[in-house]
Amino acid sequence: MTFRFETVPESTLDQMRKINAQLSAADLPDPTTAEGLATMRGTTFQVPAPIELTPVDRTVSGSAGEATVRIIRPDGPLDGVVFHVHGGGFVLGAPADDDAVNDLLARTAGVAVVSVRYRLAPEHPFPANLDDCLAAAVWLAGAVAEEFGTDRIVVSGYSAGGHLAAQTLLRLRDGFPELFRRIVGASLVFGVYDLARTPSSRSATPDTPVLPSRWIDQFVGMAFPGLGREKLREGGVSPLYADLHGMPPALFTVGELDPLLDDSLFMAARWRAADGASELAVWPESPHGFVGMTPPTGRPAQQRINAWVKALLSE
């Protein structure tokens, strides 16, 4: 396991401290109310960035069912395909939210990015979201050579999408071993892997930027209703507790100030203990969701992720 505490200029840290102060002072809606959830679903959390490629939405189907995906691909031959799962606490978000980061990844690494649209809680609690991710991943792994001219896939997930990406890998490994062999890596970005909450998550306060303590409890309660702490610790619910043997090389990316910091620390260590190659990059003064949201550290973190994907696919 490689652990890097990334370094950035002091001027960048000063910028991040100012941004974090603003984020901590923000008036946050209550997602458990209809009005609050509608407000959150109508809010854009990503910083606008130019997009050069044209996304295409498709409905696809494979042996695990039907799914809706959003495809961004550059012209010319591809080195691989990235299967991407967006974040949003299991209750909000859509593939289009990550168009800017996926557009840059596609152009930088020479890959197509296939993002899955999954059903959201509380209307559709777990495992509806995971079923949708698995359906899209099974279609992609089965059709990747014909559709994209390559058989190399990297799985990617941000925040709640990191959880769903890890669970999708586990389901592919256990249920579709031939397709799983086409997965060559995983980029898991500030994911939540222990829904019963790690120490850093339990230390979150109402003033924690981006992901305050009440939101963590509310999101889990909305997406996994009726599950007590012991049930939440089962491997089929929280991937931190799953058997992680056979997983592909992984890069874990997380911010120093993220209440989900321990999720990445622990998951990267368990990944390595199960004989999987893992790298962990911790970015200073960075809150949850910083990639795509806070450019001072989010941009270099995204560049590091893109370079890792490109290097992995060039091996």
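Which element gives the most to the lining of the second largest cavity? The answer is in the first legend below, and every view comes from a predicted model.

**View 1. The second largest cavity and its lining.** This little space has a volume of about 30 Å³. F83, A137, L140, A141, I153, V155, L172 and I183 line it. Helix α4 is the top contributor, with three residues. Two elements, α4 (128-148) and β6 (153-158), each give two or more residues to this lining. Sorted by class, the lining comes out as eight nonpolar residues, with no polar and no charged ones.

**View 2. The largest cavity, with α11 in the lining.** A search of the whole structure turns up two cavities of 30 Å³ or more, and the largest has a volume of about 90 Å³. Its lining is made of 13 residues, and L105, S156, Y158, I305 and N306 are the ones nearest the centre. Strands β4 (80-85) and β6 and helices α3 and α11 each supply two or more lining residues. Of these, α11 gives the most, with four. The class count here is seven nonpolar, six polar and no charged residues.

**View 3. Helix α11 from end to end.** With its 19 residues, α11 reaches 26 Å from first C-alpha to last, close to the 27 Å expected at 1.5 Å a residue. Plenty of its side chains are worth picking out: the buried residues of α11 are P296, T297, G298, A301, Q302, R304, I305, N306, W308, V309, L312 and L313. Two of those names, I305 and N306, are also among the residues nearest the centre of the largest cavity. Q302 turns up again in the next view, among the residues nearest the centre of the second largest pocket.

**View 4. The second largest pocket, between names from α3 and α11.** About 410 Å³ of space lies in this pocket. It is lined by 23 residues, and V47, P48, A49, A100 and Q302 sit nearest its centre. The elements that give two or more residues to the lining are α3 (99-109) and α11 (295-313). Helix α3 has the largest share, at five residues. By class, the lining splits into 12 nonpolar, six polar and five charged residues.

**View 5. The largest pocket and its centre.** Here the volume is about 860 Å³. Of the 40 residues in the lining, F45, G87, G88, G89 and L92 are closest to the centre. Helices α2 (34-41) and α8 (213-223) are the elements that give two or more residues, and α8 gives the most, with four. The lining divides into 23 nonpolar, 12 polar and five charged residues.

**View 6. S159 and its neighbours.** S159 sits in the loop between β6 and α5. Is this residue buried or exposed? S159 is buried, with a relative accessible area of 12%. Leaving aside residues up to four places away in sequence, S159 touches G87, V189, F190, G191, V192 and H288. One of these contacts, G87, is also among the residues closest to the centre of the largest pocket.

**View 7. Helix α5, just along the chain.** Helix α5 covers residues 160-175, 16 in total, and reaches 22 Å from its first C-alpha to its last, close to the 22 Å expected at 1.5 Å a residue. Because 13 of its 16 residues are buried, α5 is largely enclosed by the rest of the structure.

**View 8. Aromatic pairs, starting with F190 and F290.** The structure holds seven aromatic pairs. The ring centres of F190 and F290 are 5.9 Å apart and the planes are at 55°, so this pair is tilted. F190 belongs to the loop between β7 (183-189) and α7 (199-202), and F290 to the loop between β9 (278-283) and α11, so the pair ties together parts that are 100 residues apart in sequence. Both partners are buried.

W215 and F219 make another tilted pair, at 5.7 Å centre to centre and 40° between the planes. These two are four residues apart in helix α8, which means about one helical turn separates them. W215 and F219 are both buried.

**View 9. A cluster of three rings.** F90, F126 and F224 come together as one aromatic cluster.

Conventions:
Residues numbered from 1 in each chain as written. Predicted model: local features only at pLDDT ≥ 70, side-chain atom pairs only at ≥ 80, totals over all residues. Heavy atoms only, no water. 1 Å grid on protein atoms, 1.4 Å probe; cavity = no way out; pocket = protein on both sides within 12 Å on 5 of 7 lines; lining within 4 Å. Points joined across faces, edges and corners; volume = space filled by probe spheres on them. Nonpolar A, V, L, I, M, F, W, Y, C, P; charged D, E, K, R; others polar. Expected span 1.5 Å × (residues − 1). Buried < 20%, exposed > 50% of the residue type's maximum accessible area, 1.4 Å probe, protein only. Contact = heavy atoms within 4.5 Å. Phe/Tyr/Trp six-rings, centres within 6.5 Å; stacked < 30°, edge-to-face > 60°.
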